[in-house]
Amino acid sequence: MEVPTAKRPTLDEIDLPTGKKARLHSLLHEHGPGNGTLLLLPIDQGLEHGPIDFLSNPPALDPEFQLKLALDGHYSGIVFHIGLATKYMKQYAGKVPLVLKINGKTNIPSDAQAFSACDATVEDAVRLGADAIGYTLYVGSPSQDRDFAQFNQVRIDADRFGMPIIVWAYPRGEAVKAKGGVDTLYAIDYAARVALELGADIVKVNVPEHENISPLQPKPYDTMNLGYGGGISKVVASAGRAMVLFSGGSKLGDEDLLKKATMAMENGATGLIFGRNLWQRPMDEALAITEKLMAIMRKA
């Protein structure tokens, strides 16, 4: 199968209201790599995974660690839930752009009926000086009907306040597992398209599995072997005029991490949202790998 050609959309190519465009211009051109790409540092794992993620690097339990990394590493922005944004951002306001994550859940219940409830509002994001909000959408979950309804209200509020929306588009639920699993090209490609269809300005997804092609995927995905870059390009193409960020996921070796970044940026991604791969290491190492990522992104 021919791989769709994926072109990274620019702000001028996306029909956005003034407020959204101004905030996205700040993220894309005034911070981070500064060339229309994004490098975001998420620190939502304390809610989503619990304190366990900080055990490998105890200093990272204090959000000041990530804020210092974001400031000194010249990131495009940091992702916080409402509590961390309220309690830790004050001295970094205007220096480190904020993406306020406005819904979330713990990983204690099963993901069989995954749903991420709102824990903050778009108005909170405006009050805190955020440049974007983040929203997790569980595509394929039995709870997706109320997820769609909740997101619709968020979208209305975001349009009213001129706030860009970054959608964490995650396939979840037994139906997704029955069709090959959450990491398949089918599931991630579908999730990216759903986010576009529902009104995302930016879509955050995982890189699809490219080595083991699940035969459980609906046709023709069950035989679609597009390779590493081809799978990324397919997802970017499906996201259309929504920009696409690829996540780092669980801790990778440096070689694999840099390869993921390179493949994403070479195949149409607008940027990267890497968390544990960066702050689950001492500060000097985190800054060193950040500079390598920046070099990759500045070539994009």
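Y190 is partly exposed in this predicted model, because its relative accessible area of 46% falls between the 20% limit for buried and the 50% limit for exposed. Y186 has a relative accessible area of 14%, so Y186 counts as buried, being under 20%. Both tyrosines lie in helix α8, which covers residues 185-198. They are four residues apart there, about one turn of the helix.

A pair of aromatic rings is described by the distance of the centres and the angle of the planes. The structure holds five aromatic pairs. One of them is formed by Y186 and Y190, with 5.9 Å from centre to centre and 75° between the planes. This pair is edge-to-face, because the angle is over 60 degrees. Together with Y221, Y186 and Y190 form one aromatic cluster.

Rings also take part in contacts with charged side chains. The table lists two such cases.

| Charged residue | Ring | Distance to ring centre |
|---|---|---|
| K101 | W168 | 5.1 Å |
| R146 | F115 | 4.0 Å |

In the first row, the charged end of K101 sits over the ring of W168. In the second, R146 lies over the face of F115.

Strands of a sheet pair through backbone hydrogen bonds, either parallel or antiparallel. Here eight strands form a closed barrel in the order β1-β2-β3-β6-β7-β8-β9-β10, and the pairing is parallel. From one strand to the next, the twist averages 25°. Helix α1, residues 18-30, packs on this sheet and touches β1 (38-42), β6, β7, β8 (202-205) and β9 (243-247). The direction of helix α1 makes about 90° with that of β1.

Within the barrel, strand β6 (residues 132-139) and strand β7 (residues 165-171) run parallel and are joined by seven bridges. Y135 stands opposite V167 in β7. Helix α6, made of residues 144-161, lies across β6 and β7. Helix α6 runs at about 160° to β6.

Is Q66 buried or exposed? Its relative accessibility is 0%, so Q66 counts as buried. Q66 lies in helix α3, residues 63-72. Leaving aside residues up to four places away in sequence, Q66 touches L41, I43, F54, A60, I78 and W279. How far apart are Q66 and L278 in sequence and in space? The two are 212 residues apart in sequence, while their C-alpha atoms are 9.1 Å apart in space.

Technical notes. Residues are numbered from 1 along each chain as its sequence is written. This is a predicted model: local features need pLDDT of at least 70, side-chain atom pairs count only at pLDDT 80 or more; totals for chains, interfaces and linings use all residues. Side-chain values use heavy atoms; hydrogens and water are left out. Two strands pair if DSSP finds at least two bridges between them. Helices (H or I, at least four residues) and strands (E, at least two) are DSSP runs, numbered from the N terminus. Axes are lines fitted to C-alpha atoms, for helices over the stretch in contact, and angles run from 0 to 180 degrees between N-to-C directions. Contact means heavy atoms within 4.5 Å. Rings of Phe, Tyr and Trp (its six-membered ring) pair if their centres lie within 6.5 Å; planes under 30 degrees apart count as stacked, over 60 as edge-to-face and the rest as tilted. Buried means under 20% relative accessible area, exposed over 50%, partly exposed in between (1.4 Å probe, protein chains only). A charge sits over a ring if NZ of Lys or CZ of Arg is within 6 Å of the ring centre and within 35 degrees of the ring normal.
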